[in-house]
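Got your viewer open? Here's a short tour that tells you what to select next and what you'll find there.

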Amino acid sequence: MSGRAQLMWDEAVTGYDFGPEHPMDPVRLALTRSLVGAFGLDREVEVVAAKRAGDSTLRLVHREDYVDAVKAASADPASADGSYGLGTPDDPAFAGMHEVSALIAGQSVGAAEAVWRGEALHAVNFAGGLHHAMPGSASGFCIYNDASLAIARLLELGAERIAYVDVDVHHGDGVQASFWDDPRVLTISMHEHPRTLFPQTGWPEETGAAGAAEGSAVNVALPAGTGDAGWVRAFHAVVPELLAEFRPQVLVTQHGADTHFEDPLAHLAVSLDAQRAVQVACHELAHSYAEGRWVALGGGGYAVVDVVPRSWTHLTAIAAGREIEPAEMIPEAWRQEVFARTRQLAPARMSDGRWPVSWADWSEGYDPADRLDQAVLAARRAAFPLRGLLP
Ligand SMILES: [Zn+2]
């Protein structure tokens with residue numbers, strides 16, 4: 001079975017719903033799943049519904065009192081008063097919140113198990129990537145941190161080196177915090193600068209706990225407005241060298257689609273085409289440095305019709321080994337479904353018309369006066385020497 005990709009999917013994940021006023025509309029998951037089907041990708045991968053993460057799994061990352069608080073808020077949403085971050089505007093409580101959050105976590109844990117055991121080489125959970133959840137609190141639309149839980153499960157199964165690469169527009173703060181003092185987990189997050197965006201962390205100087213874990217966190221804080229050429233340049237200027245040095249046994253990636261220029265909650269200017277380019281690069285890096293073992297997760301993304309379904313359908317296709325060309329037209333049946341469900345017009349192609357993305361490689365030099373290059377330099381200077389690499 002090795003070599004085949006798994007897509008983790010249980011229809012019930014669309015119950016992760018903070019209500020009609022909240023930007024994280026679960027229609028983004030439903031529309032992604034149906035676009036995957038419209039391209040026939042569900043026949044190229046094994047579609048697997050893993051079981052909900054149980055208490056002992058949740059406890060690998062989360063504090064017992066927090067899990068108890070989620071259960072209480074889930075049973076009686078009106079009782080959530082803001083403690084543990086539950087019942088806040090970002091993380092309103094809703095009935096069944098514990099069950100569906102644990103179900104999403106279970107998909108990422110199941111993905112990690114399948115890849116570790118060789119049942120699949122790649123596994124995708126686009127419902128996951130809920131990277132802001134902290135061990136003891138909800139944060140930023142995230143209740144349980146499925147990314148941290150997948151990594152913690154890999155450690156429990158005996159993995160000694162896991163790399164986590166997070167390209168969501170927001171800092172992967174919950175995952176960084178989960179493994180801050182653990183040298184077995186290298187976390188790399190590339191995001192909009194904390195000066196201009198939630199969660200206001202992810203400064204280059206955040207490099208892991210002093211001691212053995214120093215240099216196990218890497219942060220690339222990009223200026224607002226960064227577009228395709230800068231975003232892809234920054235990725236290649238930081239990530240491959242670190243993975244070549246760290247040699248992870250598994251690569252876990254988070255593909256929040258909220259870097260997109262249409263995203264309403266952030267200020268980068270990345271196109272679908274650049275997102276696809278970085279997904280392709282992550283896939284290649286998994287093969288170069290992690291023997292192909294790749295767990296790919298979703299994340300943020302609030303342009304729920306125009307961007308998220310196309311971005312994560314590309315991700316699924318790449319994992320399936322059947323990449324969709326950017327120029328491809330989107331099947332009409334899906335466009336009709338989009339209109340019926342959302343009264344919005346769906347995009348026509350799997351591209352924003354910016355393919356191929358061109359960018360200049362870091363090894364060809366940099367400009368110390370350029371803001372993007374300054375961001376890359378800051379990340380390299382802070383973290384690379386701690387890993388024995390030249391800044
Ligand atoms: Zn995000």
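First, a bit of vocabulary: buried means under 20% relative accessible area, exposed means over 50%, and partly exposed is in between (1.4 Å probe, protein chains only). This is a predicted model, where local features need pLDDT of at least 70, side-chain atom pairs count only at pLDDT 80 or more, and totals for chains, interfaces and linings use all residues. Residues are numbered from 1 along each chain as its sequence is written, and side-chain values use heavy atoms, leaving out hydrogens and water.

Start with Arg59 and Glu64, whose side chains meet in a salt bridge (3.5 Å, N to O). A salt bridge here is a side-chain nitrogen of Lys or Arg within 4 Å of a carboxyl oxygen of Asp or Glu. Arg59 is partly exposed at 42% relative accessible area, and Glu64 is partly exposed at 48%.

Next, select Glu323 and Arg276: their closest N and O atoms are 3.6 Å apart, in another salt bridge. Glu323 sits in the loop between H9 and H10 and Arg276 in helix H8, so the pair ties together parts 47 residues apart in sequence. (Helices, H or I with at least four residues, and strands, E with at least two, are DSSP runs numbered from the N terminus.) Is Arg276 buried or exposed? Arg276 is buried, at 3%.

Now jump to strand S7, residues 250-254, where 5 of 5 residues are buried. Val250, Val252 and Gln254 point one way, while Leu251 and Thr253 point the other.
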